[in-house]
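Student: Got a minute to walk through this one with me? I'd like to start with the sheet.

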Amino acid sequence: MTETVELNNGVTMPRLGLGTWLIPDDAVAAVVRTALEAGYRHLDTAQAYGNERGVGEGLRASGLARESVFVTTKLAAEAKDYASATAAIDGSLTALGLAEIDLMLIHSPEPWADWRNGEHYFAGNLEAWRALEDAQAAGKLRAIGVSNFEPVDLENLLTHGRVRPAVNQVLAHIGNWPRAVIDDDRAHGIVTEAYSPVAHGAMLNEPTIVAMAARYGVGVAQLALRFCLQKGLVPLPKSTSPAHLAANLALDFEIAPADMATLEALRFADYGQDRAFPVYSGK
């Protein structure tokens with residue numbers, strides 16, 4: 001709960017955060033408040049989630065000092081020009097009810113309707129990136145980064161942008177480990193965040209993981225989160241259950257090197273009905 005990672009611009013970010021995808025706006029405030037009471041100090045939302053207002057409400061209801069909680073949101077994947085991106089950044093500030101956002105990411109290099117179809121939207125991403133750079137310079141954002149970016153997408157920003165991305169938030173979990181992306185991020189001093197670190201539930205019945213978690217006396221989710229932490233990533237688990245929220249912070253154990261190797265060698269990426277979502281489609 002107290003560990004942080006330093007981003008490449010000197011901003012510190014808690015090493016574990018609360019994901020809020022698919023938590024409705026009218027329910028997320030209560031979840032956020034419960035999570036903050038449990039000890040979370042890092043909240044992750046997005047324009048696409050439609051719940052920024054509720055996340056901000058939950059933060060204010062907690063009574064915590066604003067500077068004690070790290071808030072991330074994401075620019076809509078469809079905002080690929082400077083004007084729309086700038087307006088969307090201001091829209092997030094208004095929705096969250098904040099004067100400053102700690103971290104804002106481009107949610108995807110492609111609009112969701114064109115996910116991984118071969119077009120990288122280099123020009124549009126540079127326009128969106130320029131809007132984030134200017135918002136950071138204006139004091140609206142403390143750090144800026146990306147999500148779902150592959151090395152070629154990052155290279156576009158590194159070559160032509162003014163500010164190096166601080167974070168790349170990607171789908172990463174036991175069974176689906178994007179080593180090339182993580183290695184490229186590390187080579188450029190970019191922190192990799194892991195969304196869906198429990199594979200959106202897809203690993204809960206995987207025999208090897210279940211057996212190993214039992215051997216350590218922890219739940220599958222705890223094993224999955226500890227794996228991400230030991231690999232140097234910042235996991236963003238999501239839960240609405242107070243018991244699970246608390247359990248996801250109980251990570252004071254160490255996975256042995258041999259077991260880490262076993263987990264890293266696993267391969268599975270069947271997300272069942274969730275394949276309908278672009279990020280789980282297998283593209």
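Tutor: Sure. One definition to begin with: two strands count as paired if DSSP finds at least two bridges between them. Keep in mind too that this is a predicted model.

Student: Okay, so which residue stands opposite Asn168 of β8?

Tutor: Val146 does. The strands involved are β7, residues 141-147, and β8, residues 167-171, and they pair in the parallel sense over two bridges.

Student: And on the β9 side, what does Asn168 face?

Tutor: Thr192 of β9 stands opposite Asn168. Here β8 and β9 run parallel, joined by five bridges.

Student: What's the strand order in the whole open sheet?

Tutor: There are eight strands, ordered β3-β4-β5-β6-β7-β8-β9-β10, and the pairing is parallel. At the edges sit β3 (18-19) and β10 (234-236), each of which pairs on one side only.

Student: Back to β9. Is that strand enclosed or open, and why?

Tutor: Largely enclosed by the rest of the structure, because five of the five residues of β9 (191-195) are buried.

Student: Which way do its side chains go?

Tutor: Val191, Glu193 and Tyr195 point one way from β9, while Thr192 and Ala194 point the other way, and all are buried. That's a familiar pattern: in a regular strand the side chains alternate between the two faces of the sheet.

Student: Now Gln169. Buried or exposed?

Tutor: Gln169, which lies in β8, counts as buried because its relative accessibility is 1%, and the cut-off for buried is under 20%.

Student: What does its side chain make a polar contact with?

Tutor: With the side chain of Asp44, at 3.0 Å.

Student: And what else is Gln169 in contact with, leaving aside neighbours within four places in sequence?

Tutor: Besides Asp44, the list has Lys74, Leu105, Val146, Ser147, Asn148, Glu193, Tyr195 and Leu236. Some of those have come up already: Val146 stands opposite Asn168, and Glu193 and Tyr195 point one way from β9.

Student: Switching to helices. How do α7 and α10 pack?

Tutor: Helix α7 (residues 207-216) and helix α10 (residues 257-265) pack at an angle of about 160°, with their axes 11 Å apart. That makes α7 roughly antiparallel to α10, since angles over 145 degrees count that way.

Student: Which residues make that contact?

Tutor: From α7, Thr208, Ile209, Met212, Arg215 and Tyr216; from α10, Asp259, Thr262 and Leu263.

Student: Last one: is the crossing left-handed or right-handed?

Tutor: The crossing of α7 and α10 is left-handed.

Methods:
Residues numbered from 1 in each chain as written. Predicted model: local features only at pLDDT ≥ 70, side-chain atom pairs only at ≥ 80, totals over all residues. Heavy atoms only, no water. Helix = DSSP H or I, 4+ residues; strand = E, 2+ residues; numbered from the N terminus. Buried < 20%, exposed > 50% of the residue type's maximum accessible area, 1.4 Å probe, protein only. Polar contact = N/O pair within 3.5 Å; in protein donor to acceptor, adjacent residues only side chain to side chain. Contact = heavy atoms within 4.5 Å. Axes fitted to C-alpha atoms, helices over the stretch in contact; angles between N-to-C directions. Parallel < 35°, antiparallel > 145°, perpendicular 65-115°, else oblique. Left-handed = near helix turned anticlockwise from the far one by under 90°.
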